[in-house]
Amino acid sequence: MHPLPCSAARLLHSRILFPRMGMRVSSPHCLSASLAAGWFRRLLHKPKPSSVESLKSSHSASSSPSSSSSSAKSSSSSPGTSLATSSISLSPVSALDINASDSPRWDKSYDVCICHSEGDVELVEELVSYLEGQPESFRCFLQLRDAVAGSAVVTELCDAVQNSHCWVMLITPGFLQDPWCRYQMHQALAEAPMANGRTIPVLKDVDRKDYPRELRNIYYIYMALKEQSFRQIRDTVMRYLQGLCQSSTKRME
């Protein structure tokens, strides 16, 4: 067998190690050894992933479609069934602080004005004690306690309505027979004619047919259990104050 010339040998060697696209390799053993050597060199020079990239990859794994769908399911909730808690779409108290120094809550002297008859003083005092003992320390106007001695009754009733955010109407048989209660109810409706949560009727020992016609467009709280009704009144006042703070924040933005 005759040896190949040097030029032919070099050409054959180059075709074995570096074949052109689509060219069949003449020596598989030489090509495998060459690819293995190149793969080993790339492995030695491959950079390690940085800590930032590791955090990104872990974050992308945690925000996969399955986790996002599960979080969406956990965040959804069914609407409440009680009158005082239904259709609440406001931010929690921790996010909307009604006690902040710049809160519009302080624009008025009182959070709640209790309109009641003389025969319901004992029940009203319990309600006022409950509201003022809450963490929010609701400021209540109680006529027998807060009215200025020597002032006209009409003036005191009108000032109480104008200087309060909400008005609780404790509608009892005595309320329906008291002309001053009727007068204060009309003053509250004149101050806020729309049912925007400021007027809070509370029915006790009164049939629905005797519910004041002027309040027919406003939902009321029926006082069957005293503690539960107190909580509903508290939640309604809180909801209004939160909405007031939310509206003020949007206007500032």
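These are my notebook entries on two buried charged positions, one helix and the nonpolar cores of this model.

**Setup.** I am working with a predicted model, where local features need pLDDT of at least 70, side-chain atom pairs count only at pLDDT 80 or more, and totals for chains, interfaces and linings use all residues. Residues are numbered from 1 along each chain as its sequence is written, and side-chain values use heavy atoms, with hydrogens and water left out.

**R234 and E136.** I looked up R234 and found it in helix α10 (residues 226-252); helices (H or I, at least four residues) and strands (E, at least two) are DSSP runs numbered from the N terminus. R234 has a relative accessible area of 18%, and buried means under 20% (1.4 Å probe, protein chains only), so R234 counts as buried. Beyond residues up to four places away in sequence, R234 touches Y130, L131, Q134, E136 and F138, where contact means heavy atoms within 4.5 Å. Next I turned to E136, in the loop between α5 (121-132) and β2 (140-141). E136 is buried too, at 10%, and its contacts include R105, R234 and M238.

**Cores.** A nonpolar core here is a set of buried Ala, Val, Leu, Ile, Met, Phe, Trp, Tyr and Cys residues joined through side-chain atoms within 4.5 Å. The largest one has 25 residues, with I233 and V237 among those with the most contacts inside it. Helix α10 gives the most to this core, 7 residues. I checked V237 and saw contacts with V112, F138, C166 and I200, leaving aside neighbours within four places in sequence. A second, separate core of 19 residues includes A160 and V161.

**Helix α7.** Both A160 and V161 are among the buried residues of α7 (residues 153-162). The cover over α7's buried residues includes β1 (110-115), β3 (164-171) and α9 (179-191).

Key. Buried means under 20% relative accessible area, exposed over 50%, partly exposed in between (1.4 Å probe, protein chains only).
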